[in-house]
Amino acid sequence: MKGAPHMAEKLTPREKGFSEWYVDLVQKAKLADYSDVKGCMVIRPNGYALWENMQRVLDKMFKDLGHKNAYFPLLIPESYLKKEAEHVEGFNPQLAVVTHAGGSKLEEPYVIRPTSETIINRSFAKWIQSYRDLPLLLNQWANVMRWEMRTRLFLRTTEFLWQEGHTCHETEEDAEKETRQMLEVYRTFAEDYMAMPVMTGQKSESERFAGALRTYSIEAMMQDKKALQAGTSHNLGQNFAKAFDTQFQGRDGKMHHVWQTSWGVSTRLIGGLIMTHSDDAGLIVPPKLAATHVVIIPIFGKASDAEKAQVLEKTNALAADLRKAGLGVVLDDDDTKSPGFKYNEHELIGTCLRIELGPKDLAKNSCVMVRRDVRQKEFVSLDEAVSKAQAMLDAMQKDLFTKAKSFRDSHTFEVNSYEELKEKADQGFLLAHWNLDPKVEARIKEETGLTTRCRPFDLKQEPGKCVVTGEPSPGRIVFSKAY
RNA sequence: CGGGGAGUGGCUCAGCCUGGUAGAGCACUUGGUUCGGGACCAAGGGGUCGCAGGUUCAAAUCCUGUCUCCCCGACCA
């Protein structure tokens, strides 16, 4: 007897409403939940596990390059923020401020950090004396708060988790090298671990971080063809060093301001991961970041008690073997739920690989394996189960990237007129000439909803004519609707 | 912040217009039968109707305020 599908369990299909699909998925896959605090979310164990895996990988990548972790206060004296004029101007509208503490009004309000350049520079100024102290390479895993008008789970919340790298260098060249190097780290992480292809490039003047010389970003394309800025790396020049008097005595015996960088990725990456790979059945997670790689579902059918015992014994042994091989394994032997229910459930929460094992398989010394992304059944000998599972996970990791990349590439266009730009506004990444004028950029945004994402490094910059004004353009920049 | 929609057991929603003892399906608990794509039967448990005021003999229902969420815009990682 088959019951009707439980409509309540199904996600809104992407075609019907991408935003609703996303919200449904985040909640039904138990990644996050709303809280009673405006704009803030609760990251549930399924979601936090993804973040922990991201942290683990990134942390190692940072440390391998010589960065060390540290921790600075959540609260920043308001006066610190005001030291760098552009910085405070940029962040002012988004600040939460603590005015009272310990039962009385504070002499000077504290700002809840929107980012930590200022308070970190206060320490840098104390710690750095000589060029021998450089480079100084720090990273902080922390929460930050930016008051937002409109929030979306993972993509934009008032409080979010991130890492912020902060480095000091002797020369501008060293700082630039670091800025670009960390952007490459982000690209590697996004592509090799998240299986999310990204464009790297420089942000336009209007998209530059408040207080930076230059901002670079990695930009990914979501399944609805909108861009997601997935990470940023800033060359801060000497702006903060001058504001906080962070100086060192150079090889020439004279005092110099340090050259700085900062770079960050946040829990927004989880949103990017979801919107890059997942489907109408639920979450799809690249194996390299999955907490649970395999679910084993024992099937009992009309089996006798003795057969059931045998099935259970086999599934237990298989689970142990898979774990020994380093995989995250769940043995779902709950006999109050039907196999079909479990299939759907694990597709919803994004378990990478499903293994079914029943009496019929036992008789053939085999099992059934199903990859979450392609959902096709494959019969596998139990003797080869572990190696086959690993091979399927490897293939899945590669295929997810390939699929996402071909999606992005097939929705990336060279556009040569303003008409065409308007026409293709919803179709993905549009490579167009622009004369660098922020007013023209603002007009395009106003009229089409398109923003400049970045000037891609791997796109040869050839002069042309601005699609709006016809004036000279140094090269094409990516326009897209964006999160 | 503007426009639109919505808050009623864990979830999806009905009831509200026209005030009068709070409902359904799913989920949950227990027992039994089931089991290769969301099983079935039976018996149970669970809700001060987002919150705060007000009107009234009486408020989920009417009035005022407020909070939150969703969709579409403007601001941002």
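**View 1. Domain 2 and domain 3 of chain A, seen in a predicted model.** The C-alpha centres of domain 2 and domain 3 are 48 Å apart. To help you find your way along chain A, domain 1 covers 18-277, domain 2 covers 287-400 and domain 3 covers 412-480.

**View 2. The largest nonpolar core, with 76 residues.** Look here for Tyr22, Phe154, Phe189, Ile274, Ile296, Leu322 and Met369, the members that touch the most others in this core. Because domain 1 (18-277) and domain 2 (287-400) both contribute residues, the core lies between them.

**View 3. A closer look at Ile296 and its contacts.** Leaving aside residues up to four places away in sequence, Ile296 touches Thr315, Leu318, Ala319 and Leu322. Its other contacts counted in this way are Val329, Val330, Leu331, Asp332 and Ile355.

**View 4. A second, separate core, made up of 23 residues.** Leu81, Leu95, Phe240 and Phe248 are among the residues of this second core.

**View 5. The one cavity of 30 Å³ or more found in the whole structure.** This cavity holds about 50 Å³ of space. Its lining consists of Val295, His346, Glu347, Thr351, Cys352, Leu353, Arg354, Val370, Arg371, Arg372 and Arg375. Two or more lining residues come from each of α10 (339-349), β17 (353-357) and β18 (366-371).

**View 6. The residue types around the largest cavity.** Which kinds of residue make up the lining, nonpolar, polar or charged? Five lining residues are charged, four are nonpolar and two are polar.

Terms used:
Residues numbered from 1 in each chain as written. Chains lettered and ligands numbered in written order. Predicted model: local features only at pLDDT ≥ 70, side-chain atom pairs only at ≥ 80, totals over all residues. Heavy atoms only, no water. 1 Å grid on protein atoms, 1.4 Å probe; cavity = no way out; pocket = protein on both sides within 12 Å on 5 of 7 lines; lining within 4 Å. Points joined across faces, edges and corners; volume = space filled by probe spheres on them. Helix = DSSP H or I, 4+ residues; strand = E, 2+ residues; numbered from the N terminus. Nonpolar A, V, L, I, M, F, W, Y, C, P; charged D, E, K, R; others polar. Core = buried A, V, L, I, M, F, W, Y, C linked by side-chain atoms within 4.5 Å. Buried < 20%, exposed > 50% of the residue type's maximum accessible area, 1.4 Å probe, protein only. Domains from an automatic or database assignment. Contact = heavy atoms within 4.5 Å.
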